[in-house]
Amino acid sequence: MDVFADLLGGFANALEPTYLLYAAIGVTIGTLVGVLPGIGPALALALLLPLTYGFDPTGALIIFAGIYYGSLYGGAITSILLNTPGEAGSVATAIDGYPMAKAGRAGPALATAVMGSFAAGIISTLGLTFLAPLVANLAKSFQATDYFALMVLAFVSVTALVGTSIIRGMVSLFAGLFVGLVGLDFLTGQQRFTFGSTALLGGIDIIIVVIGLFAIGEALYGLARLQYAREEPVEFSGRIWLNKGERKRVWKPWIRGGFLGFIFGSMPTGGSEVPTFLSYNLEKRLSKHKEEFGKGAIEGVAGPEAANNASFSGVLVPLLTLGIPTSATAAIILSAFQIYNIQPGPQLFENSPDLVWTLIASLFIGNIMLLVINLPLVKVWIKILSIPKDLLYTGILVFGILGVYSLSGSLTDLMIVCAIGVAGFFMRVYDFPVAPAVLGAILGPMMETQLRRALSISQNDFSVFFTRPLTVGLLIAALAVLVLPTVLPKILGRAKRAESAGQ
């Protein structure tokens with residue numbers, strides 16, 4: 001009953017006119033951002049992070065949550081009409097969404113996306129409501145070795161499962177770890193990688209890293225792409241509402257996708273890439289219309305979109321209860337917590353209950369707003385696709401640089417953000433995932449703290465990492481995540497070849 005009482009208290013706060021306005025602004029901005037090709041939620045949050053300093057923590061986080069929810073649906077619009085996913089979680093949606101649009105069924109595809117996002121959002125937020133307090137209570141028994149092993153698992157999971165190459169992922173991760181080590185050693189006070197610059201004694205602000213990699217890097221990459229290809233959207237025509245036959249086909253994929261997205265989002269793997277493709281494959285296997293998949297099957301839009309939206313609430317479970325971000329966007333939200341000197345983790349539900357439960361309640365409200373605002377405005381969002389992309393990316397560059405300069409007025413920070421932006425551009429060009437770098441920069445110092453704390457308590461005895469079953473289990477899981485993506489396909493390949501030879 002405590003959960004219900006806390007949630008009711010959260011609703012009492014979230015229904016205040018100011019917070020309702022924040023939720024509406026967040027959902028609207030998020031949808032607008034998601035509609036613009038190449039502008040995902042991480043980039044939007046990176047740009048808006050410096051602008052929220054005047055907000056109270058609860059208001060800022062409500063806006064960020066609304067932006068994330070809205071951008072997930074906005075990404076579906078570009079996937080369906082442009083065949084250009086706004087972020088990785090919308091890739092699976094484009095497989096059948098774009099063929100539906102080309103066949104004159106863009107309306108039902110978009111309606112399926114927004115209604116599926118609503119249904120899955122409710123399912124996953126209910127999961128967050130009841131699971132997060134349990135995980136927080138469990139995490140209170142964690143020791144330094146457990147936290148270190150958990151962060152290793154988060155690093156390995158994101159590195160191995162995001163992108164196409166583990167090696168590229170590792171390079172990105174270690175680059176982020178290097179950035180996180182710049183500044184004064186918290187234990188000895190010695191300078192590390194400051195190259196004699198007093199401006200680097202305090203380290204590199206994570207906001208600079210985020211804006212450099214996402215805003216500057218993505219904008220440069222978008223401008224470069226315009227030299228080679230310009231996408232033209234499919235014209236929208238016809239009905240938008242689902243007919244009886246379509247409603248019958250989509251409600252089960254919505255539910256299955258909602259559960260898949262939440263479950264996989266709650267794991268250290270995080271993100272939306274894995275559950276969206278799992279949902280697509282599951283719907284293809286269960287469907288009575290298998291021949292339509294790849295050609296415009298509405299289940300191929302309903303399932304992945306539901307999983308995409310539900311994954312966000314799942315990602316909030318490790319973020320709020322353990323302080324572990326498992327996606328690039330979650331890492332930016334963590335940095336927003338840190339701006340207000342709030343550290344997510346086991347004590348968050350005790351130290352800041354009003355903030356947590358108001359945020360969770362606002363997710364329910366934001367889902368309703370997502371449905372109410374976006375269904376009538378679909379044709380408005382579609383017109384935004386006509387904005388010239390060169391002006392859009394140029395504006396992102398300007399706002400990104402101004403945002404960094406507004407933080408400290410330091411020319412050194414401007415030089416650093418530009419350097420990181422150029423590095424981010426080349427990471428995109430050569431297919432190095434950005435998420436591991438962001439996680440490394442944020443979690444690196446935290447992991448170092450837990451490592452050195454554990455060694456200090458054990459008097460530098462490394463066997464302390466093998467004395468607790470939980471620590472050992474997490475390290476084994478990290479090793480499995482690192483090895484299985486490489487070994488498992490080879491084993492399966494050999495089994496298939498042996499089976500073929502036997503026949």
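**Exercise 1. Classify Phe4 and Phe130 by burial.**

Task: Decide whether Phe4 is buried, exposed or partly exposed.

Solution.
- Step 1. Note that the model is predicted.
- Step 2. Take the relative accessible area of Phe4, which is 45%.
- Step 3. Recall the cut-offs: buried is under 20%, exposed is over 50%.
- Step 4. The value falls in between, so Phe4 is partly exposed.
- Step 5. Repeat for Phe130: its relative accessible area is 38%, so Phe130 is partly exposed too.

**Exercise 2. Describe two aromatic pairs.**

Task: Find how many aromatic pairs the structure holds, then work out what kind of pair Phe4 and Phe130 form.

Solution.
- Step 1. Twelve aromatic pairs are present in the structure.
- Step 2. For Phe4 and Phe130, the ring centres are 5.6 Å apart and the planes meet at 70°.
- Step 3. Planes over 60 degrees apart count as edge-to-face, and this pair is edge-to-face.
- Step 4. Locate the partners: Phe4 is in helix α1 (residues 2-14) and Phe130 is in helix α6, so the pair ties together parts 126 residues apart in sequence.
- Step 5. Now take Phe11 and Phe364. Their centres lie 5.8 Å apart with planes at 35°, so this pair is tilted.
- Step 6. This pair also links distant parts of the chain: Phe11 belongs to helix α1 and Phe364 to helix α15 (residues 353-374), 353 residues apart.
- Step 7. Check burial. Phe11 is partly exposed at 24%, whereas Phe364 is buried at 10%.

Ring pairs also join Tyr19, Tyr22 and Phe55 into a cluster.

**Exercise 3. Place two serines.**

Task: State which helix holds Ser124, which helix holds Ser311, and what each serine reaches or touches.

Solution.
- Step 1. Ser124 sits in helix α6 (residues 106-139).
- Step 2. Its relative accessible area is 0%, so Ser124 is buried.
- Step 3. Set aside neighbours within four places in sequence. Ser124 then contacts Tyr69, Phe262, Ala310 and Ser313.
- Step 4. Ser311 sits in helix α12 (residues 299-322).
- Step 5. Its relative accessibility is 1%, so Ser311 counts as buried.
- Step 6. The side chain of Ser311 reaches the backbone oxygen of Asn308 at 2.6 Å.

**Exercise 4. Follow helix α10.**

Task: Compare the span of helix α10 with the expected one, and find where α10 has a kink.

Solution.
- Step 1. Helix α10 covers residues 244-266, 23 residues in total.
- Step 2. From first C-alpha to last, α10 reaches 34 Å, close to the 33 Å expected at 1.5 Å a residue.
- Step 3. Look at the start. A side-chain oxygen of Asn243 comes to within 3.2 Å of the backbone nitrogen of Gly245.
- Step 4. Move along to Val250. A kink of about 30° lies there, shortly before the proline Pro253.
- Step 5. Check cover. The buried residues of α10 include Val250, Pro253, Trp254 and Phe262.
- Step 6. Link back: Phe262 is also one of the contacts of Ser124.

**Exercise 5. Step back to the whole protein.**

Task: Find how many helices and strands the protein has, and what share of its residues counts as buried.

Solution.
- Step 1. The protein has 20 helices and two strands.
- Step 2. Of its 503 residues, 56% count as buried.
- Step 3. Take helix α3 (residues 41-48) as an example: it is mostly covered, with seven of its eight residues buried. Among them are Pro41, Leu43 and Leu47.
- Step 4. Consider contacts with a separation of 6 or more. Residues 24 or more positions apart account for 80% of them.
- Step 5. Finish with the surface: about 21,500 Å² is exposed, and carbon and sulfur atoms supply 66% of it.

How values were computed
Residues are numbered from 1 along each chain as its sequence is written. Side-chain values use heavy atoms; hydrogens and water are left out. Helices (H or I, at least four residues) and strands (E, at least two) are DSSP runs, numbered from the N terminus. Buried means under 20% relative accessible area, exposed over 50%, partly exposed in between (1.4 Å probe, protein chains only). Contact means heavy atoms within 4.5 Å. The expected span of a helix is 1.5 Å times one less than its number of residues. The bend at a residue is the angle between axes fitted to the seven residues ending there and the seven starting there. A polar contact is a pair of N or O atoms within 3.5 Å; within protein, one must be able to donate a hydrogen and the other to accept it, and residues adjacent in sequence count only if both atoms are side-chain atoms. Accessible areas come from the Shrake-Rupley method with a 1.4 Å probe; for residues, only the protein chains shown count as cover. Rings of Phe, Tyr and Trp (its six-membered ring) pair if their centres lie within 6.5 Å; planes under 30 degrees apart count as stacked, over 60 as edge-to-face and the rest as tilted.
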